[in-house]
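Subject: Structure handover

Hello,

Please find the structure below, with notes on what was found in it. The notes assume no earlier acquaintance with the entry.

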There are 2 protein chains.
Amino acid sequence: MRAALELLEEDGAEALTMRRLADRLGVKAPSLYKHLAGKEELEGALMAVGLEQVSSVLAEAARSGEDPLTAIAAAYRRFALAHPHLYRLLTERPLLRERLPEGLEARAAAPLVRAAGDPDRARAAWAFAHGMVHLELSGRFPPDADLDAAWRSGLAALAGAPTTTPPARAVVRSWRGPD
Amino acid sequence: MRAALELLEEDGAEALTMRRLADRLGVKAPSLYKHLAGKEELEGALMAVGLEQVSSVLAEAARSGEDPLTAIAAAYRRFALAHPHLYRLLTERPLLRERLPEGLEARAAAPLVRAAGDPDRARAAWAFAHGMVHLELSGRFPPDADLDAAWRSGLAALAGAPTTTPPARAVVRSWRGPD
DNA sequence: GTCTATAGTGGGATAGAC
DNA sequence: GTCTATCCCACTATAGAC
């Protein structure tokens, strides 16, 4: 797992091949299948590792004392830019929920749900943050775009809108497979 | 190009291979290289086709009479869900701007820039919309999430926030490589 | 000159026999 | 753990038909 994570983070998704992983481990590729059912199992395990990292990063941001939504957004962006390939793995394909530790998805989402006040707004905020980092990572913004200003604009809008909802406590309790 | 687009839209990105494209054209794969420099050129051409479609869909939505931001958002989502593989091709990798017709990127972005009122808010709105459709396409929202409600929540926030900016006309004129 | 083909390189995931 | 093999991929070299 450590070797796989290094391969992914250092050289990107195309570099994460069974052959190269085997090379790094001083073993032939087919031998990996004695330990892993296949590449998908490997990727599922990496998703769990990555989501665990996101979870702890966001939880810490929420505890930071600043405005929670702003702090969470900054931490989210920082994580994505620091681990672009892992972030893509985590967001460009279906979550392999069967392979995820019980409750991890909910734990990762909890800080944002609490900060946003209701699940719909939490999803909107998540979508905004994901859209910003994903388009940035994908090189889709024009090179001269002021992304900090776009973040401020979106966060101001999301923070300013009125809440429509039940108290945060109830929302968190009913949260299921978090986003 | 028509065959390639069919392959992509019907069977997804993994199905778009030089071999299968050649098969569909009744030709051997190496022959394709007499017409195309390589797969990347093919993908670049498909991106141009897709962006042209997005552009016309958004322009029509902006002319629809409804609230422009809402109409554009609905059209954007409709396009992405109707053409998921093309949408991914268009957003998960850098825009191949060298291969794009002059001005296409700006034309595609114009309706949203006009509706949002300033480029930062336009980018925030684009990020929100992209995040929503991309997470939906990627199967990252929990199965029971109310995505319509999340869209409403995000759009209400973005529409309600105050503008910080110069008149829309000037903004459009200074728009460069649109998003 | 413009189309096609065959043959081959090097890289992938993975199955099976040892 | 290995080796061998199957089948996929992008791409190249080369040559022949029209």
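The notes below take up chain A, then the two DNA strands, then the largest pocket.

This is a predicted model, in which local features need pLDDT of at least 70 and side-chain atom pairs count only at pLDDT 80 or more, while totals for chains, interfaces and linings use all residues. Residues are numbered from 1 along each chain as its sequence is written, chains are lettered from A and ligands numbered from 1 in the order in which they are written, and side-chain values use heavy atoms, with hydrogens and water left out.

Chain A

Chain A has nine helices and zero strands; helices (H or I, at least four residues) and strands (E, at least two) are DSSP runs, numbered from the N terminus. Its C-alpha atoms fill a box of roughly 60 × 40 × 25 Å along the principal axes. Of the 179 residues in chain A, 51% are buried, meaning under 20% relative accessible area with a 1.4 Å probe and protein chains only. Among contacts in chain A (heavy atoms within 4.5 Å) between residues at least 6 apart in sequence, 69% join residues at least 24 apart.

DNA strand C

A residue is near a strand if one of its heavy atoms lies within 4 Å of it. DNA strand C is surrounded by 14 residues, and the closest are M18(A), Y33(A), K28(B), S31(B) and K34(B). These 14 residues divide into five nonpolar, four polar and five charged. In this grouping, Ala, Val, Leu, Ile, Met, Phe, Trp, Tyr, Cys and Pro count as nonpolar, Asp, Glu, Lys and Arg as charged, and the others, Gly among them, as polar.

α2 (18–24) of chain A and α3 (29–32) of chain B each supply at least two residues of the surface near DNA strand C; the largest share, three residues, comes from α2(A). Of the strand C atoms within 4 Å of the protein, 63% belong to sugar or phosphate and the rest to bases.

Phosphate oxygens of DNA strand C lie 2.6 Å from a polar side-chain atom of Y33(A), 2.8 Å from a polar backbone atom of K28(B) and 2.9 Å from a side-chain N or O atom of S31(B).

DNA strand D

There are 16 residues around DNA strand D, with K28(A), S31(A), H35(A), Y33(B) and K39(B) nearest. The surface near DNA strand D divides into six nonpolar, four polar and six charged residues. Helix α2 (residues 18–25) of chain B gives the most to this surface, with three residues. Of the strand D atoms within 4 Å of the protein, 59% are of sugar or phosphate and the rest of bases.

A side-chain N or O atom of H35(A) is 2.4 Å from a phosphate oxygen of DNA strand D. For R19(B), a side-chain N or O atom is 3.4 Å from a phosphate oxygen of this strand, and for K39(B) a polar backbone atom is 2.9 Å from one.

The largest pocket

The largest pocket holds about 870 Å³ of space. Its lining has 24 residues, of which A13(A), E92(A), R93(A), E92(B) and R93(B) lie nearest the centre. Two or more lining residues come from each of α3 (39–62) and α5 (84–91) of chain A and α4 (39–62) and α6 (84–91) of chain B. α5(A) gives the most, with four residues. The lining divides into 10 nonpolar, two polar and 12 charged residues.On a 1 Å grid over the protein atoms alone, a pocket is an open set of points where a 1.4 Å probe fits, with protein on both sides within 12 Å along at least five of seven lines; lining residues have an atom within 4 Å of a point. The volume is the space filled by probe spheres set on the points, which are joined across faces, edges and corners.

Regards

Definitions and conventions: Polar contact = N/O pair within 3.5 Å; in protein donor to acceptor, adjacent residues only side chain to side chain. Buried < 20%, exposed > 50% of the residue type's maximum accessible area, 1.4 Å probe, protein only.
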